[in-house]
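Have your viewer ready and follow along, selecting residues as we go. Each stop tells you what to pick and what you will find there.

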Amino acid sequence: MRWIKAVIPWLMLGCTPQQVTHSPSLDINRLNQAKHHSVLPIPEPEPANLSLARLGWQLFQDPRLSSNNAISCATCHELHHYGAQSSMVSTGVNGLGERNSPTVFNSSLNPMQFWDGRAFNLHTQIDGPVHNPVEMDSNWPDIVIKLQQDSELKSQFQRLYSDGITEANIKHAIDYFESQLLTPNSRFDQFLKGEIRLSSDELQGWQQFQDIGCINCHQGVNFGGNLYQSFGLTHRIDAKNNDSGLYSVSKDPRDNHVFRVPSLRNIAETAPYFHDGSIAGLSDAVELMAISQLGVTLTSNQRHNLTQFLHTLTAPKPKILEELQ
């Protein structure tokens, strides 16, 4: 498979940018084609099957999916923290962690999952943390056996699935719940629909977002999530974290330090930032992105306006969470 080559930061606080040249491995033509995905409002979810959504919600929060019965999906994807986690990196059954958890909100809109983009839908993504010895360190046969011992949960499955508790049905229910975690009606979406006007600073930030080139990679309905990108198109950052990104999966040297572009939806609510959680503040993240990916040194006014614009991408939390409480 040919990977779309572009750019994403691989950043650490206190690091010094170094000038680098364009890599010949970057597929600029495909990037130029892909960057034209239209920015659109997030769609309203279809009316949910509440029984199925509730089952998926329960499983999402069930620590029995882990080997030590202590780690659930919600441990690392905190529903009260916009589906992300406030710690630098997420830790699993042995208290170890490698990457910051990306938000699960609006993740169904992304054509690839994980920071390295190795899964292409939510259904297959679920296998990753379950089998990863650093995360849940478990397996589906053990999980099925544990859940089948819960008579109430067993009855819930039997009402929805003729074959009861199975690996496929567990994954289906979690996948369905996660697909309901859409966050429409941000102020920017309302602006796109002509329902409100943005402030002068927000409008200038939106214009600068386009003029500077941020939109080349953070585009589409999710403002990202649909491209692979490598660190350092214009300046490389000397980082202490030697995360090789997609290379660890593909073993293609061109994929070294290639990551999936994160969505900017609700970005103001999902700190800390980047795959290593190394940047605590949104304004600092904006500044480092500009220099490392675009070779632009922002003025204080530009940084302020861009940050103000990014705040307009914050939306109410998914309605389904209120219905399931």
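**Stop one: a pair along a helix**

Start with Glu-167 and Lys-171, which sit 4 residues apart in helix α8 and are therefore separated by about one helical turn. Keep in mind as you look that this is a predicted model. Show the two side chains: they meet in a salt bridge, with an N to O distance of 3.4 Å. Now switch on a surface. Glu-167 is partly exposed, at 34% relative accessibility, whereas Lys-171 is buried, at 7%.

**Stop two: where α8 crosses α2**

Keep α8 (residues 167–179) selected and add α2: the two axes come within 7 Å and cross at roughly 100 degrees. Angles of 65 to 115 degrees count as roughly perpendicular, so that is how α2 and α8 lie to each other. Which residues of α2 and α8 make the contact? On the α2 side, select Leu-52, Ala-53, Leu-55, Gly-56, Trp-57, Leu-59 and Phe-60. On the α8 side, add Ile-170, His-172, Ala-173, Ile-174, Tyr-176, Phe-177 and Glu-178. Colour them by class and you will see 11 nonpolar, 2 polar and 1 charged residues.

**Stop three: the loop after α2**

Follow the chain from α2 (50–60) into the loop that leads to α3 (73–76), and select Ser-72 there. Is Ser-72 buried or exposed? Ser-72 counts as buried, with 7% relative accessibility. Its side chain reaches the backbone nitrogen of Ala-74 at 3.2 Å. Beyond its neighbours within four places in sequence, Ser-72 is in contact with Phe-60, Gln-61, Asp-62, Pro-63 and Met-136.

**Stop four: charged pairs elsewhere**

How many salt bridges does the structure hold? There are 13, and two further ones are worth a click.

Select Arg-303 and Glu-287, whose closest N and O atoms are 2.8 Å apart in a salt bridge. Arg-303 belongs to helix α13 (residues 300–311) and Glu-287 to helix α12 (residues 282–294), so this pair ties together parts 16 residues apart in sequence. Both are partly exposed: Arg-303 has a relative accessible area of 24%, and Glu-287 is at 35%.

Finish by selecting Arg-99, Asp-116, Arg-118 and Asp-243, which are joined into one network by salt bridges that share partners. Within this group, zoom in on Arg-118 and Asp-116, paired with 2.9 Å between their closest N and O atoms. Arg-118 is partly exposed, with a relative accessible area of 32%, while Asp-116 is buried, at 2%.

Methods. Residues are numbered from 1 along each chain as its sequence is written. This is a predicted model: local features need pLDDT of at least 70, side-chain atom pairs count only at pLDDT 80 or more; totals for chains, interfaces and linings use all residues. Side-chain values use heavy atoms; hydrogens and water are left out. Helices (H or I, at least four residues) and strands (E, at least two) are DSSP runs, numbered from the N terminus. Buried means under 20% relative accessible area, exposed over 50%, partly exposed in between (1.4 Å probe, protein chains only). A polar contact is a pair of N or O atoms within 3.5 Å; within protein, one must be able to donate a hydrogen and the other to accept it, and residues adjacent in sequence count only if both atoms are side-chain atoms. Contact means heavy atoms within 4.5 Å. Axes are lines fitted to C-alpha atoms, for helices over the stretch in contact, and angles run from 0 to 180 degrees between N-to-C directions. Angles under 35 degrees count as roughly parallel, over 145 as roughly antiparallel, 65 to 115 as roughly perpendicular and the rest as oblique. Ala, Val, Leu, Ile, Met, Phe, Trp, Tyr, Cys and Pro count as nonpolar, Asp, Glu, Lys and Arg as charged, and the others, Gly among them, as polar. A salt bridge is a side-chain nitrogen of Lys or Arg within 4 Å of a carboxyl oxygen of Asp or Glu.
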